[in-house]
Amino acid sequence: MINQEIARIFQEMAEFLLMEEAAFKPQAYEKAALSLETLRENIGEIYKKEGIEGLKNIPGVGQGIAEKIIEYLKTGKIKEHQRLKKKFPIKIEELMAVEGIGPKMARDLYEQLKIKDIKDLEKAAQAGKIRGLPRFGLKTEQNILQGIKFFKKSGSRFLLGEILPRVYEIIAELKNLKEVKQISEAGSVRRRQETIGDVDILIASSDPEKVIDHFVSLSGVIKIWNKGRTKASIRLSGEYDVDLRVLPEKQFGSALQYFTGSKEHNIVLRKIAVKKGLKLSEYGLFRGEKRIAVESEEEIYEKLGLEWISPEIRENTGEIELALKTKLPELIELKDIKGDCHCHSHWGAGKRIISELAETAIKIGYEYIGISDHTKFLRIEHGLDEKQLIQQKKEIEKINSRLRQGFGGQAKFKILQGCEANIMADGSIDISDKVLAKLDYVIAGVHSQMKMTESEMTERIVKAMRNPNVDIISHPTGRILKQRDEYKIDFDRILRVAKETGTILEINANPYRLDLNDKNIRQAKKIGVKMIINSDAHQKEQLNFMPYGVFQARRGWAEKKDVINAWPLKEFLNFIKR
DNA sequence: GCCGTTTTCGGCCCGACTGTTTTCAGTCG
């Protein structure tokens, strides 16, 4: 996408300009880059429709940067960027990925040792050449080697789904201490980001020593990075790090606000504070020397003239502007979810776990569950054919009538029958329309031949959406976190056709998928395409993936009205095509 | 280079930590 390309160039220009010690320009370019990254409309379209004035309406884009955008649109490059690249022919992004290296150090390393990338850097450090440079020393050299080691084994981010359950356990255990007055996760975990670098936990206590002693002796600790008077860092057996900070009780609110971030969100809050003649930091909101808010986040936001903002949307992508006008969306909550429609019973593999899934769903408090097994094209998953689907339908009817008896004849809980059919390369579905029409709903998804061109893949999915029997598209972009990128698709077109045909897009709650992502969700909401949050459970325990889907939906600003399995079952069934 | 219910010029977010330094620049979150 062209927005991302230009954003990347501006980001790089910001780093180069820092190396040139330019004043204020770097921040300007960085701001423009960030703004383009989160921009939903295509920048080329904006220019075509509204010209340079349209570009200048983008926050952080003024005359100068608008002209550079136009230059890129017309010639495919930006002269100023070329000039900087020539002056600093280095892989700046790569070098800065090493912890402790920023633009200035990268510049010095290039100018004095001709270091252009990590390979050069490692060689120089190993040869002991870095320690002799001005403003560098032995310690810095060792830190660089350490940083390279970490960089190499990375993909060092972890899935929220891998980490959050453990965080809940740690919090529950620390809560048992009577010295712990308040406790919360902070940082990207609290914002429910898809992936997490490290975990931040905050505690309010008057006896930090005791709390920290307990913290570093938690089960599963394999390394203690540091243990201070009010903070400590540990590495857990999953190879991820947890930082703890212990604060005086009174400071908990401002510290929680500060350490939750995001950085971009906090920067804007601090600017708002400055404008009001105040100062915001982790120690509180101040007017001069006087602390006017500190104990709770609500208090801080209120004194800044804002509604309290849910952590999931604290990304400075428009939430602050809405909070100023008290117009924040009412984000969907887990308790709004009335049922789960993407659950596999592995019926074709001879398992009969439908009633177990139903029991689990009843325990969760759902009003219905939808069984949607794979279909015949996916042999390896024991996909069902037409005949098996009809047999399964009969069994589900039987279980449903038994359930009704259990509830004294009342239909308090219902099992629906769907399927997760395959969208073939040509866009057709691997189950006959006649049988599809007999099911309560039909999910269709791409499970093969994922390396098509953008137009091929888009047309494939569009054709499936135009099938009147297809209600829902599962994991619409196909990405698997840390493993595989999304398919090449024209998501705008998918959205337009979804809107036109009334097709529902899935928010797949599996922590490895989380597909749609937050940006997709915001786009869908804006266009008015409805979504459904499904666990994609392959065993009954995985029905508990649902919260991750809800977090993702919240990160995409989705409300109850946008998500059909937050509606009463009757409305849901009325909405789908049949 | 951007931006404006204090400004079209003069501002531009905050604090801790680290390593290298005798007072601070660079990096990070």
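Two strands pair if DSSP finds at least two bridges between them. The exercises below apply to a predicted model.

**Exercise 1. The sheet around β12**

Determine which strands make up the open sheet, and which residue of β12 stands opposite G339.

Solution.
1. The open sheet consists of three strands in the order β11-β12-β13, and their pairing is parallel.
2. Between β11 and β12 there are three bridges; the criterion for pairing is at least two.
3. G339 has Y368 of β12 opposite.
4. β11 (339–343) and β13 (414–417) each have a single partner strand, so one side of each lacks a neighbour in the sheet.
5. From one strand to the next, the twist averages 20 degrees.
6. Helix α18 (residues 386–406) lies across β12 and β13, and runs at about 170 degrees to β13.

**Exercise 2. Aromatic pairs**

Classify the pair formed by Y368 and F572, and state where its two residues lie in the chain.

Solution.
1. A pair of aromatic rings is described by the distance of the centres and the angle of the planes.
2. The structure contains seven aromatic pairs. In one of them, Y368 and F572 are 5.7 Å apart centre to centre, with 80 degrees between the planes.
3. An angle over 60 degrees counts as edge-to-face, so this pair belongs to that class.
4. Y368 lies in strand β12 (residues 368–371) and F572 in helix α24 (residues 569–575); with these positions 204 residues apart, the pair links distant parts of the chain.
5. Both Y368 and F572 are buried.

Now assign W567 and F575 to a pair class, and decide for each whether it is buried or partly exposed.

Solution.
1. The rings of W567 and F575 are 5.5 Å apart centre to centre with 90 degrees between the planes, an edge-to-face pair.
2. W567 counts as buried because its relative accessibility is 13%, and the cut-off is under 20%.
3. F575 has 33% relative accessibility and therefore counts as partly exposed.

**Exercise 3. Charges over rings**

Find which ring K114 lies over, and which ring lies under the charged end of R192.

Solution.
1. K114 lies over the face of Y110, 4.8 Å from the ring centre.
2. The charged end of R192 sits over the ring of F551, at 4.6 Å from its centre.

**Exercise 4. Nonpolar cores**

Identify the residues that touch the most other members of the largest nonpolar core.

Solution.
1. This core has 63 residues, and those touching the most other members are I369, I415 and I533.
2. Beyond four places in sequence, the contacts of I533 include I332, I337, M546 and V563.
3. A second, separate core has 45 residues, among them M13, L39, I69 and F88.

Definitions and conventions: Residues numbered from 1 in each chain as written. Chains lettered and ligands numbered in written order. Predicted model: local features only at pLDDT ≥ 70, side-chain atom pairs only at ≥ 80, totals over all residues. Heavy atoms only, no water. Phe/Tyr/Trp six-rings, centres within 6.5 Å; stacked < 30°, edge-to-face > 60°. Helix = DSSP H or I, 4+ residues; strand = E, 2+ residues; numbered from the N terminus. Buried < 20%, exposed > 50% of the residue type's maximum accessible area, 1.4 Å probe, protein only. Lys NZ or Arg CZ within 6 Å of the ring centre and 35° of its normal. Axes fitted to C-alpha atoms, helices over the stretch in contact; angles between N-to-C directions. Contact = heavy atoms within 4.5 Å. Core = buried A, V, L, I, M, F, W, Y, C linked by side-chain atoms within 4.5 Å.
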